[in-house]
Amino acid sequence: MCEKPIPKQQKNKLKKLEAEIERLQGVEAELKRNLQFTESLLSAVPIPVFFKDAEGRYLGCNRAFTEIIGITPDEMKGKKVYDVWPSEHAEMYHQKDLEVMDNIEHQTYEFVVQDKTGANRSVIFNKDVFLDEKGKVNGLVGSFVDITARKQAEEKLRESEALLKELNENLEKRIKERIKELNCLYCISALGYKPHANLAENIQDMANLIPPAWQYPHITCSRIILEGKEFRTLNFKETSWKQSCDIILNEEQIGIVEVFYLKEMPERDEGPFLAEERLLIEAIAEHVSRNVERYRSEESIKSLSGELIRIQESERHRISRDLHDKVAQDLASLKIAIETLFRDIPAIVQSQTLKVPKILHILEESIRSVRKISYDLHPAGLDEMGIAVALEMLCNEYSEHHAIDIDFHSAGIEKLKIDSDTQINLYRIVQEGLNNILRHAEAKNVRLKLVAAYPNIILRMEDDGKGFEIERRKRETVLEKRMGLISMRERANLLGGKVHITSKEGKGTKVMVKFPYQEK
């Protein structure tokens with residue numbers, strides 16, 4: 001049987017069809033190569049990648065996606081987010097997918113995904129749409145970067161920073177607390193070295209220094225009870241929030257230091273109080289004890305010094321009285337006897353009578369010296385005439401015998417009733433001051449003023465001498481055992497006062513003595 005020949009027109013159609021099939025096969029092969037390349041490329045990408053169609057159905061994913069999520073590409077195909085993810089995550093994914101396809105723009109946001117173990121991972125999503133040849137949205141491609149480790153590191157960093165901040169704040173707070181405590185102890189210590197300090201005033205000052213050193217100064221008050229006397233802050237009130245420490249001296253309790261909070265505060269080491277505050281209150285109690293001990297010692301020394309000076313003045317007074325009343329009188333009687341001895345004996349040899357005036361002159365000088373020594377030992381009439389008159393006489397005597405002009409002036413002193421101890425000590429201070437001027441100053445003029453300025457008595461001495469460098473003179477006073485300034489300071493101290501000296505070389509010297517007036 002013979003086949004019928006194929007018409008030429010059909011042959012042409014077949015050739016065209018074969019060519020189209022060959023072309024399509026080439027396209028298919030190219031698509032396969034591209035697909036293999038794309039799959040290899042996606043598999044090589046270390047971050048999870050997925051892609052969906054315009055309806056939101058998964059078309060596939062890469063190896064990294066599978067490793068995290070635990071779902072293969074075949075299992076993913078055709079499924080929507082609600083089929084794969086927990087509902088609380090799926091709704092967010094769906095809304096974001098709609099948003100990127102509606103806006104046709106790159107999208108980045110941070111959210112979470114649930115891995116194959118069920119653990120939530122923090123990720124950053126990146127999404128973009130892909131279009132067909134007509135520019136219509138065909139689907140989207142997405143990826144995410146796992147930032148869980150970074151977030152954990154950031155959280156740890158924040159925790160570390162928060163911890164560090166807390167540590168710094170605590171350290172700063174503790175430093176401030178320690179500074180407050182040190183300031184308190186420094187100020188309390190300084191009170192112990194305050195010259196001519198009154199013990200009661202010192203203890204009150206200590207009580208006032210306590211609250212600012214405690215943790216809550218605005219609600220802190222304090223009290224020091226010492227030998228039955230109380231020293232309180234103005235806001236003092238007893239409460240149940242109390243910290244206290246006994247004041248011990250020579251193994252005997254002489255008082256107590258108490259600190260109170262005026263309202264309830266959080267529990268700390270000792271009720272609402274810090275452990276450091278326990279150490280501080282113990283240190284304050286120790287300072288109070290030392291102050292009392294020092295004050296007692298100073299009072300004892302002052303009492304002994306006063307008694308010694310009183311004994312010296314009493315002995316001077318006795319010697320002065322003996323010299324004036326006996327020795328001077330005996331010498332005067334001897335002078336009279338010698339003057340009358342040869343009056344009724346005309347036969348005395350002329351040479352002998354010539355010796356009599358010489359003997360009488362020696363006796364007169366002896367009488368004058370004895371009376372001067374007597375006056376120096378104890379100024380006659382000090383108690384009767386008063387300190388102002390006695391000092392004026394002393395200045396006049398110094399001016400007369402030492403060729404120095406002394407201008408003495410007093411104001412208000414005559415009206416005061418000053419006890420004998422104060423008068424003699426004041427007299428000795430002026431006497432010692434004038435002696436210092438005569439010995440060292442080479443002065444021509446001295447101004448001396450004694451003024452009653454209630455509640456004090458003030459003595460001022462000023463000379464136009466050569467002056468001196470004060471610190472050097474202090475050292476010389478100790479090394480050379482010069483007692484003038486020491487004696488003046490000691491007597492001023494016995495009067496409850498102090499001596500203030502200003503001097504410059506070539507500019508003279510000014511001395512001021514100030515002490516409280518006590519009526520006899």
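**Exercise 1.** Is Ile21 buried, partly exposed or exposed? Classify Ile21 from its relative accessibility, then place Ile21 in the fold.

*Solution.* The model is predicted.
- Step 1: the relative accessibility of Ile21 is 39%.
- Step 2: buried means under 20%, and exposed means over 50%. Ile21 therefore counts as partly exposed.
- Step 3: Ile21 sits in helix 1, residues 8–44.
- Step 4: together with Leu14 and Leu17, Ile21 makes up a nonpolar surface patch. The accessible area of the three together is about 260 Å².

**Exercise 2.** Describe the salt bridge between Glu154 and Arg150.

*Solution.*
- Step 1: the closest N and O atoms of Glu154 and Arg150 are 3.3 Å apart.
- Step 2: both residues belong to helix 6, residues 148–192. They are four residues apart, about one turn of the helix.
- Step 3: Glu154 is partly exposed at 28%. Arg150 is partly exposed at 43%.

**Exercise 3.** Compare the settings of Glu238 and Arg223, which form a salt bridge.

*Solution.*
- Step 1: their closest N and O atoms lie 3.4 Å apart.
- Step 2: the pair links distant parts of the chain, 15 residues apart. Glu238 is in the loop between strand 7 (229–232) and strand 8 (242–249), while Arg223 is in strand 6 (residues 220–226).
- Step 3: Glu238 is exposed at 51%. Arg223 is buried at 5%.

**Exercise 4.** Which residues join the network that contains Arg232 and Glu230?

*Solution.*
- Step 1: Arg232 and Glu230 form a salt bridge, with closest N and O atoms 2.8 Å apart.
- Step 2: salt bridges with shared partners connect Arg223, Glu230, Arg232, Glu238, Lys242 and Glu258 into one network.
- Step 3: the structure holds 25 salt bridges.

Note on methods
Residues are numbered from 1 along each chain as its sequence is written. This is a predicted model: local features need pLDDT of at least 70, side-chain atom pairs count only at pLDDT 80 or more; totals for chains, interfaces and linings use all residues. Side-chain values use heavy atoms; hydrogens and water are left out. Patches are made of residues with over 30% relative accessible area and no salt bridge: like charges are joined within 9 Å, nonpolar side chains (Val, Leu, Ile, Met, Phe, Trp, Tyr) within 5 Å. Accessible areas come from the Shrake-Rupley method with a 1.4 Å probe; for residues, only the protein chains shown count as cover. A salt bridge is a side-chain nitrogen of Lys or Arg within 4 Å of a carboxyl oxygen of Asp or Glu. Helices (H or I, at least four residues) and strands (E, at least two) are DSSP runs, numbered from the N terminus. Buried means under 20% relative accessible area, exposed over 50%, partly exposed in between (1.4 Å probe, protein chains only).
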